[in-house]
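Got the viewer open? Let's take a walk through this one, a stop at a time.

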Amino acid sequence: PDDATNVVAVAGTVNYQTKLSLEEVMAFYRDMYGKQGLTERELLTTVSEGVFSFVFDGDPSGKAIVIQGVDLGDGTMNVNVRFEDV
């Protein structure tokens, strides 16, 4: 997202904070990866009490894209995006 701060990218993993809500972060990735033709593996999607996790398949690397986030309680979400064999 445009407001991403504290962005750290290491070895196929990106971690950052955003002021977007949990729902807004999930909508952002569903829109972005959907436009790229990736498919959400809905069986692995979880949302509960300020925490989410979901997975997209179809990346040219052959790996799944795992996106996880947690509400830090100060109006900020911490988001982690990584490639993984799932």
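## First stop: N6

Select N6: this residue is exposed, because its relative accessible area is 55%, and over 50% counts as exposed. Keep in mind as you look around that this is a predicted model. N6 sits in strand β1, which covers residues 5–10. Now check the backbone there: phi of N6 is near 50 degrees, a positive value in a residue that isn't glycine. Most residues other than glycine have a negative phi.

## Along to A11

Next, click on A11, in the loop between β1 and β2, the latter being residues 13–18. What is the phi of A11 near? The answer is 50 degrees, so here's another positive value in a residue other than glycine. As for the side of things you can see from outside, A11 counts as exposed because its relative accessibility is 78%.

## Zoom out for a moment

Show the whole chain as a cartoon. You should be able to pick out one helix and seven strands. Starting at the N terminus, the order is β-β-α-β-β-β-β-β. Line the view up with the principal axes and the C-alpha trace spans about 35 × 25 × 20 Å. Is the chain compact or extended, and why? A compact globule of 86 residues would have a radius of gyration near 12 Å, and the protein chain has 12 Å, so the two agree.

Turn on a surface if you like. The protein chain exposes about 5100 Å², with carbon and sulfur atoms supplying 54% of that. Of the 86 residues, 33% are buried. Colour by charge and you'll have 6 positive and 14 negative charges to look at; their mean positions are 4 Å apart. For a feel of how the chain folds back on itself, take the contacts between residues at least 6 apart in sequence: 36% of them join residues at least 24 apart.

## A loop with a buried threonine

Now go to the loop between β6 (64–71) and β7 (77–84), and select T76 there. Is T76 buried or exposed? T76 counts as buried, because its relative accessibility is 9% and the cut-off for buried is under 20%.

Show side chains around this residue. The T76 side chain makes a polar contact with the side chain of K19, at 3.1 Å. Leaving aside residues up to four places away in sequence, T76 touches Q17, T18, K19, V70 and D71. Of that group, Q17 and T18 fall within the 13–18 range of β2, while V70 and D71 fall within the 64–71 range of β6.

Stay in the β6–β7 loop and move to G73. G73 is exposed, because its relative accessible area is 69%. Draw a distance from the C-alpha of G73 to that of V51: the two residues are 22 apart along the chain, and the atoms are separated by 11 Å.

## Last stop: E42

Finally, select E42, in the loop between β3 (39–40) and β4 (46–48). E42 counts as exposed because its relative accessibility is 61%. Which distance should you draw from here? Try the C-alpha atoms of E42 and V55: they're 7.6 Å apart in space, with their positions 13 residues apart in sequence.

Methods: Residues numbered from 1 in each chain as written. Predicted model: local features only at pLDDT ≥ 70, side-chain atom pairs only at ≥ 80, totals over all residues. Heavy atoms only, no water. Helix = DSSP H or I, 4+ residues; strand = E, 2+ residues; numbered from the N terminus. Rg over C-alpha atoms; globule rule 2.2 N^0.38 Å. Buried < 20%, exposed > 50% of the residue type's maximum accessible area, 1.4 Å probe, protein only. Contact = heavy atoms within 4.5 Å. Areas by Shrake-Rupley, 256 points an atom, 1.4 Å probe, with all protein chains shown as cover. Lys, Arg positive; Asp, Glu negative; His and termini not counted. Charge placed at Lys NZ, Arg CZ, Asp CG, Glu CD. Polar contact = N/O pair within 3.5 Å; in protein donor to acceptor, adjacent residues only side chain to side chain.
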